[in-house]
Amino acid sequence: MKEVQVNGHLLLSNGNGNSTPALDTITNGTNGYGGHNGAANGTSNGCTSKKLPTSRCTCAKSGLENGSDTNNNQGHEKCTFHHDLELDHKPSTREDLLPLMSKSYRMLLSSLGEDPERQGLLKTPERAAKAMLFFTKGYDQSLEEALNGAVFDEDHDEMVVVKDIEMFSMCEHHLVPFYGKVSIGYLPCKKILGLSKLARIVEIFSRRLQVQERLTKQIAVAVTQAVQPAGVAVIIEGVHMCMVMRGVQKINSKTVTSTMLGVFRDDPKTREEFLTLCNNK
């Protein structure tokens, strides 16, 4: 760990470019799949309320004042809240990893018997390194940053479902992609979440080295942490390239995982309503 200065504040950095600690309930206890154990993961069926801090950009606005587009990070190099954490956001500190990663990819090409100096492969190590940083950019994002204060008081207690959210991730066992769709439902307790934030939560945890079982649970726990609903349900249907391109090579196979917390776990009728809504085309 080392101390870094960000926006006038002294923070601890773990060396991977992320100086904002993630929520304990997201990072602890979710690295393995324990089944549908909602009670063991801090989920409550009550309607408690807790506000999350509002994140806002406080750094220089020079990049925007000069008429640049929203993808220009000038003046925001150390700002982890810039652009409301658009999905193309990439903290500049991760670029420090490129030389070492590029060297590793170059060694890999040589190990395969290829010539890294030939025209088609000359820039491949750098391209591959940049691609891997993009595939794993979720490590640099936290739940508080993604929500950006988009939690609203609302007297609504009926089910909210957002389904068929596209998901892309990387299998941590073979470093090949798996992809699919995520459906999320929750039963509010006087608080609702901005709909786009559900997609951002999926993006945070899918853009890491993952297994689908853990990803399903992490998304459910994150929604619970965000709005403390009466219950959360998450279903992921994924296609794993480690089963398609190699191994058993079953191109039509799909993997379905689910996590039910709170009333979705305890009440069969609530769970059935969610599953019916997800299956309706």
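These are my notebook entries on one sheet and the helices that lie against it, looked up in a predicted model.

**Entry 1: the sheet as a whole.** I began with the order of the strands and found that 5 strands form an open sheet, arranged 7-4-5-8-9, with mixed pairing. Strand 7 and strand 9 (255–262) are the edge strands, and because each has a single partner strand, one side of each is left without a neighbour in the sheet. As a reminder to myself, strands of a sheet pair through backbone hydrogen bonds, and they can do this in a parallel or an antiparallel way.

**Entry 2: strand 4 and strand 5.** I then looked up how strand 4 (residues 160–171) meets strand 5 (residues 177–187), and I noted that they run antiparallel and are joined by 9 bridges. One of the pairs I traced is serine 169, whose bridge partner in strand 5 is phenylalanine 178. The two strands form a hairpin with 5 residues between them, and in the turn leucine 175 has a positive phi of about 55°.

**Entry 3: strand 4 and strand 7.** Strand 4 also pairs with strand 7 (residues 209–210), here in the parallel sense and over 2 bridges. In strand 7, leucine 209 is the bridge partner of methionine 170, while glutamine 210 is the bridge partner of cysteine 171.

**Entry 4: the helices.** Which strands does helix 7 touch? I found that helix 7 (residues 212–227) packs on the sheet and touches strand 4, strand 5, strand 7, strand 8 (231–240) and strand 9, with its direction making about 150° with that of strand 8. Helix 10 (residues 268–279) lies across strand 4, strand 5, strand 8 and strand 9, and it runs at about 70° to strand 4.

Definitions and conventions
Residues are numbered from 1 along each chain as its sequence is written. This is a predicted model: local features need pLDDT of at least 70, side-chain atom pairs count only at pLDDT 80 or more; totals for chains, interfaces and linings use all residues. Side-chain values use heavy atoms; hydrogens and water are left out. Two strands pair if DSSP finds at least two bridges between them. Helices (H or I, at least four residues) and strands (E, at least two) are DSSP runs, numbered from the N terminus. Contact means heavy atoms within 4.5 Å. Axes are lines fitted to C-alpha atoms, for helices over the stretch in contact, and angles run from 0 to 180 degrees between N-to-C directions.
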